[in-house]
Amino acid sequence: GGGGGGGDATGTMATDEGDVGGTDDWVVGSLRVIGGLAGSTDGLADAVIASGALVSLRGMVGHPRLQVRSEACRVLANLCAGSSRQLCAVVDDGVVPAILECATQSAATSAGRALRAEACWALANLLSQATSDQVCYVVTLGATSAMLSNLDAADDPLALAICKAVRRTFRVCTDLNVDFLPYIDDAADRIEDVLCRPGASPQLVTTAEELLALAALD
């Protein structure tokens, strides 16, 4: 597989790693602290949302510096992995399109590839436990296509998360009689590449096989 699918950025001009320092380094550090709080299970994640942090995170996801965007996506990924209330707050805030833009950022640099991975974690976490209506909304925005475009460059844990999220999305759309196939561009080839991946974990192989069978792509 190649470096993250080679998608192009569609929004804010992003800078490569090392271009900006100073204040932005402080922002990165702050986002890492917030990310730790967002991933907690003792109510601190709710406090992050109650503080109005999502408004700032929406701005950080569009920041010119890629590392800032990556850390903001990591915070959102942690929130999407939390309670349904936290996930709803992320969706209702309207930040999902910005996360999708990050998932299609140019993969020409290591910072770009890291950003794509963090954005895919956020999307996978969201789709893994979103309501049916939320799944349909996120799918129509292009979430599954964006995740699948990163499948070849994803490490095993992220590839597994993507496959599980797409599998659940397919099942939800099937239950709702929503045609899901237009939203999974080139899925067969991408998933089959996972099956051919040297040293792929048994769980990843099984999940990829189930996904192919569900979509009748094999």
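## Close-up views of a predicted all-helix model

**Figure 1. Asparagine 177 is an exposed residue of the predicted model.** With a relative accessibility of 73%, asparagine 177 is classed as exposed, because this value is over the 50% cut-off. Asparagine 177 is found in a loop, where the chain leads from helix H10 (156-175) to helix H11 (187-195). The backbone angle phi of asparagine 177 is positive, near 60°, although the residue is not a glycine. Such a value deserves a remark because most residues other than glycine have a negative phi.

**Figure 2. The protein chain is built from 12 helices and 0 strands.** Followed along the sequence, the elements give the pattern α-α-α-α-α-α-α-α-α-α-α-α. The protein chain has 218 residues, and 46% of them count as buried. Among contacts in the protein chain with a separation of 6 or more, 74% join residues that are 24 or more positions apart.

**Figure 3. Helix H6 packs against helix H7.** Helix H6 covers residues 96-103, and its axis lies 7 Å from that of H7. The angle between the two helices is about 135°. H6 and H7 are therefore described as oblique to each other, since this angle falls between the 115 degrees that end the roughly perpendicular range and the 145 degrees above which helices count as roughly antiparallel. The crossing of H6 and H7 is left-handed.

**Figure 4. Side by side, H6 and H7 meet through named residues of each helix.** H6 contributes Val96, Ile99, Leu100, Cys102 and Ala103. From H7 come Leu115, Arg116, Ala119, Cys120, Ala122, Leu123 and Leu126. Of the residues in this contact, 11 are nonpolar, none is polar and 1 is charged. Which residue of H7 in this contact counts as charged? It is Arg116, because Arg belongs to the charged group.

**Figure 5. The confidence of the prediction varies along the protein chain.** The mean pLDDT of the protein chain is 82, and 82% of the residues reach a score of at least 70. Among the elements, helix H7 (residues 110-129) has the highest mean pLDDT, at 95, whereas helix H1 (residues 23-38) has the lowest, at 69. Over residues 1-13 the pLDDT remains under 50, and the model gives this stretch 35 contacts beyond four places in sequence. Residues 16-21 also have a pLDDT below 50, with 9 contacts in the model beyond near neighbours in sequence.

Notes
Residues are numbered from 1 along each chain as its sequence is written. This is a predicted model: local features need pLDDT of at least 70, side-chain atom pairs count only at pLDDT 80 or more; totals for chains, interfaces and linings use all residues. Side-chain values use heavy atoms; hydrogens and water are left out. Helices (H or I, at least four residues) and strands (E, at least two) are DSSP runs, numbered from the N terminus. Buried means under 20% relative accessible area, exposed over 50%, partly exposed in between (1.4 Å probe, protein chains only). pLDDT is the predictor's confidence in each residue, from 0 to 100. Contact means heavy atoms within 4.5 Å. Axes are lines fitted to C-alpha atoms, for helices over the stretch in contact, and angles run from 0 to 180 degrees between N-to-C directions. Angles under 35 degrees count as roughly parallel, over 145 as roughly antiparallel, 65 to 115 as roughly perpendicular and the rest as oblique. A crossing is left-handed if the near helix is turned anticlockwise from the far one by less than a right angle, and right-handed if clockwise.
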